[in-house]
Amino acid sequence: MTDVRNAPMLEVTNLTKRFGGLVAVKNLSFSIRPGEILGLIGPNGSGKSTAMKSIIGVERPSAGSVKLDGEELAGLPSHRIARKGVGLVFQHSRPLARQTVLENIKVALLPDKLTRVFADKDVDGKARAIAGRVGLSGVLDRKPPTLAFADLRRLELAKAIARHPKLVLVDEPFAGLTASEVADFSDLIREFRDEGCAVLLVDHNVKSVSALVDRVLAMYLGEWIAEGTAAEVMQNETVRRVYLGGALVSTARPESSFSDKSPALQVENVGVTYGKALALQDVSLHVHEGEFVSLVGLNGAGKTTLFNAISGLVPHTGEIKWAGAPLRGGTPAQIARSGIVQCPETRELFGDMNVRENLDLGGNALDDKERTERLEWMFDLFPILKARQTQLSRTLSGGEQQMLAIARALMMKPKLLILDEPTLGLAPVILETLSKALDRLRETSDITVLLGEQNVTFALPHADRVYVLDHAKIVWEGPPDRFEAEAAEHYL
Ligand SMILES: Nc1ncnc2c1ncn2[C@@H]1O[C@H](COP(=O)(O)OP(=O)(O)OP(=O)(O)O)[C@@H](O)[C@H]1O
Ligand SMILES: [Mg+2]
């Protein structure tokens, strides 16, 4: 007799998904037992999200079988698959914006047959209990658009818990979260496992994935390449080469090497308020021409607000000067034309335009020769963009979209490049590529970079100087080698 406890809950066999000529997932087979967390890793575009979407029926598998407790799911529509007990925690949350947090959880608790709503008098109590479990008790009456980033993620988890799934698929839960938030989320995901759920987890935060999962499966170009314990898979030669890459090398230059020039960007006593909320208070910082400055701060600290103030997108008090002249009064377009280019964390790609069209828009102020050269350089940097020139940008994988957003900003030939959380969703090996590209850029051109990150493993190696922004204020400034001793408590 087979031991039911060890029988797989999810059994995927030869799963294949094609998009036209592209095989995004190819003959993928794996299984997950109840009470087990399987981590799925692989470079950007390797097919992880597509595999998940094919399991839950958001994408229809081209071939292969997906069995849940022995029952075939492949080919069923996604709402029927969800009803059989499969929950997906999306990276990009889509809550009902006009309902409160509590109401959103209640909606998720509703059974499919409305008649049963009236039978269950305790929907309210249950919703509150779930909110308490994920840490949303303090914001029950708020509407999702007013929530902090991590709370939106918590709401997604709460909705998944409310639906009481047997199999939970979680796509990039840690992206954009701080170290302590990642720890909270790991605990919540562990609770699914402890209740006997099967969990499939995708994330590029290799350290946190390794600490959480029971097993890891690595994919590359749509195919299975390795499987085993986290330690085994991370040692695998191919995984190291195509996914992990090497360590980032620090290259800080002392500020004194820039001090002969007056700072290119001067932010002086800048304040921003949204209604009554203080988003920035008395913020001062400066960036020399050619310097690479990292602004480190947790979610909600005010990084994006500062970048938007510099780009002329939000009104501010105080003064911002660029090459000695005040920026105040300039429209965002004028400010961009003066050489300040922001690559926003929300990417802002034109989804219905293809890769090449997005890049050409970025380069539209360049003459033909320069645009062609720049484009070649960009394709050299991100070969995947060259291969996908005619693909609509909204169908790119998460990491591919991030590469396109960065490439488009670089096409504009910025004098000051503002990068807002560029590492979000990028595989370690791509961070290495980006890292080398930024180094090459600053060696070969006079580009000045202001980088906003909470991922200090990326922000520190590149920076000549670091500022820490905490609750709307600058609380620390110094060279990266002093960061660990003096400012790291919330970040490492
Ligand atoms: N609708 C589509 N049409 C064409 N190509 C697509 C479509 N959806 C996905 N792809 C391609 O399939 C490949 C796999 O994408 P997928 O989103 O599964 O990658 P991923 O492993 O999740 O990557 P990431 O880590 O960047 O999120 C990518 O190269 C992507 O561009
Ligand atoms: Mg993905």
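The paragraphs below walk through strand pairing, salt bridges, ring contacts, backbone angles and a surface patch in a predicted model.

We begin near the start of the chain. Strand E1, residues 10-19, has two pairing partners among those described here: E2 and E4. With strand E2, which spans residues 22-32, the pairing is antiparallel and runs over seven bridges. Phe19 in E1 stands opposite Leu22 in E2. Two residues separate the strands in this hairpin, and Gly20 there has a positive phi near 55 degrees. With strand E4, residues 63-68, strand E1 again pairs in the antiparallel sense, here over five bridges. On this side, Val12 stands opposite Val66 of E4.

Strand E1 also takes part in a charged contact. Side chains of opposite charge can pair when their charged atoms come close. Lys17 and Glu59 form a salt bridge, with 4.0 Å between the closest N and O atoms. This pair links distant parts of the chain, as Lys17 lies in strand E1 and Glu59 in the loop between helix H1 (48-56) and E4, 42 residues apart. Are the two partners buried or exposed? Lys17 has a relative accessible area of 9% and counts as buried because the limit is under 20%. Glu59, at 22%, counts as partly exposed.

The structure holds 29 salt bridges by the rule used here. Another of them joins Asp184 and Arg154, whose closest N and O atoms are 3.3 Å apart. Here too the pair links distant parts of the chain: Asp184 is in helix H7 (residues 179-194) and Arg154 in helix H6 (residues 149-162), with their positions 30 residues apart. Asp184 is partly exposed at 38% relative accessible area, whereas Arg154 is buried at 10%.

A further salt bridge is formed by Asp194 and Arg193, with the closest N and O atoms 4.0 Å apart. In this pair, Asp194 is exposed, with a relative accessibility of 62%. Arg193, by contrast, counts as buried at 17%. Salt bridges can also be joined into a network, and one such network links Arg33, Glu36, Arg215 and Glu227.

We turn next to the aromatic rings. How many aromatic pairs does a search of the whole structure find? The search finds one. The pair is formed by Trp476 and Phe483, with ring centres 5.9 Å apart and 80 degrees between the planes, an edge-to-face arrangement. The edge-to-face label applies because the angle is over 60 degrees. Trp476 counts as buried, at 11% relative accessibility. Phe483 is also buried, with a relative accessible area of 0%. A ring can also have a charge over its face. Arg374 lies over the face of Trp377, at 5.6 Å from the ring centre.

Two backbone angles deserve a look in the later part of the chain. Glu421 has a positive phi, near 50 degrees, although the residue is not glycine. Glu421 is found in the loop that joins strand E17 (416-420) to helix H17 (428-444). With a relative accessible area of 3%, Glu421 is buried. Ala472 likewise has a positive phi in a residue other than glycine, in this case near 75 degrees. Its place is the loop between strand E19 (465-470) and strand E20 (473-478). Ala472 counts as buried, at 6% relative accessibility.

The last feature lies on the surface. Leu96, Val107 and Leu110 make a nonpolar patch of about 220 Å². Leu110 sits in the loop between helix H3 (101-109) and helix H4 (115-119). Why can Leu110 be part of such a patch? Leu110 has a relative accessible area of 33%, and it qualifies because patch residues need over 30%. By the classes used for burial, Leu110 is partly exposed.

Methods: Residues numbered from 1 in each chain as written. Chains lettered and ligands numbered in written order. Predicted model: local features only at pLDDT ≥ 70, side-chain atom pairs only at ≥ 80, totals over all residues. Heavy atoms only, no water. Patch = residues over 30% accessible without salt bridge, like charges linked within 9 Å, V, L, I, M, F, W, Y side chains within 5 Å. Areas by Shrake-Rupley, 256 points an atom, 1.4 Å probe, with all protein chains shown as cover. Salt bridge = Lys/Arg side-chain N within 4 Å of Asp/Glu carboxyl O. Helix = DSSP H or I, 4+ residues; strand = E, 2+ residues; numbered from the N terminus. Buried < 20%, exposed > 50% of the residue type's maximum accessible area, 1.4 Å probe, protein only. Pairing = 2+ DSSP bridges. Phe/Tyr/Trp six-rings, centres within 6.5 Å; stacked < 30°, edge-to-face > 60°. Lys NZ or Arg CZ within 6 Å of the ring centre and 35° of its normal.
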